[in-house]
Amino acid sequence: MAIEIKSKEEIAIMREAGRHVAQVLQLLVEHVRPGVREKELDQLVRREFSRRGVVPTFLGYHGYPATVCISVNDKIVHGIPGDRPFQEGDIVSIDLGCTYKGFVADAAVTIGVGRISLEAQRLIDVTREALWRGIKAARAGARVGDIGYAIQSYVESQGFSVVREYVGHGVGRQMHEDPQIPNYGEPGKGLELRPGMVIAIEPMVNMGTWRTRRDPDGWTVRTVDGSLSAHFEHTIAITDGEALVLTLP
Ligand code: MF3
Ligand code: CO
């Protein structure tokens, strides 16, 4: 499929979609504490999205059964919200998308529950910083490999690893459009970025090996070695200058 270039008007709509996602994500973050169950976050998204008149993009996507992905500890991405209560020391990745006026926005954060280990906090901080380094590298004239290189080189310098099997992506009328945006790469390689491209950058960073496995539920992706994993994601638009981050409140 050809890479879609969005108009200023389309990007303005996507900014509104992104605002909804970011605000509801913030609500979810405030809701997480020991004893709260994963499923309660799904219920909160359903209520809040219907109040706002936005569509939960994930629900029914290739049969996905919920509005949000909740991936705790060694879960990397695509965890289905279940009955388990959050516990002090958990790290919780929350991935959320909505469709507004036909356009999708997609974002994720990882947070700690109560007091978490210093190393878990460092994993979260490195992953957030890796996302921002990827965003800074996403300038018109740069290439997709520059984004991956910015993320991978930083993460590996901190002693962690980047997941290979799951990647960022173009976003628009579909949640997943071309191009793919890997969190690894070589400078100067890959597709050239142009103003009007909208992409989701989403580093998934593991404390141990980058290798993954999928649960029998067909969705939940975990680290093979049981090590902790963190995930941050923003939907951004490429401009003539710095990228515009669409998934901010
Ligand atoms: N944010 C996720 C991604 O970009 C989407 C979740 S997958 C779904 O891949 F099936 F749950 F929608
Ligand atoms: Co995504």
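**Exercise 1. In which strand is P179 found?**

Solution. Start with the ground rules: this is a predicted model, where local features need pLDDT of at least 70, side-chain atom pairs count only at pLDDT 80 or more, and totals for chains, interfaces and linings use all residues. Residues are numbered from 1 along each chain as its sequence is written, chains are lettered from A and ligands numbered from 1 in the order in which they are written, and side-chain values use heavy atoms, with hydrogens and water left out.

Now look up P179: it belongs to strand β8 (residues 177-181). Strands here are DSSP runs of E with at least two residues, numbered from the N terminus. Next, check the bond between D178 and P179: it is a cis peptide bond, with omega about 0 degrees. For context, most peptide bonds are trans.

**Exercise 2. Find the donors of the cobalt ion (ligand 2).**

Solution. Collect N, O and S atoms within 2.8 Å of the metal (3.2 Å for Na, K and Ca); water is not among the atoms, so sites may look incomplete. This gives D106 (OD), H169 (NE2), E202 (OE) and E233 (OE), at 2.1 to 2.2 Å. Then read their spacing along the sequence: D-x62-H-x32-E-x30-E. Finally, place one pair: H169 lies in strand β7 (residues 168-170) and E233 in the loop between β13 (229-231) and β14 (234-237), 64 residues apart.

**Exercise 3. List side-chain polar contacts of ligand 1.**

Solution. Look for pairs of N or O atoms within 3.5 Å. A nitrogen atom of the ligand is 2.7 Å from an N or O atom in the D95 side chain. For E202, the partner is a ligand oxygen atom, at 2.9 Å. With the E233 side chain, a ligand nitrogen atom pairs at 3.5 Å.

**Exercise 4. Locate H62 and describe its phi.**

Solution. H62 sits in the loop between β1 (55-56) and β2 (68-72). Its phi is near 50 degrees, a positive value in a residue other than glycine.

Definitions and conventions: A polar contact is a pair of N or O atoms within 3.5 Å; within protein, one must be able to donate a hydrogen and the other to accept it, and residues adjacent in sequence count only if both atoms are side-chain atoms. Helices (H or I, at least four residues) and strands (E, at least two) are DSSP runs, numbered from the N terminus.
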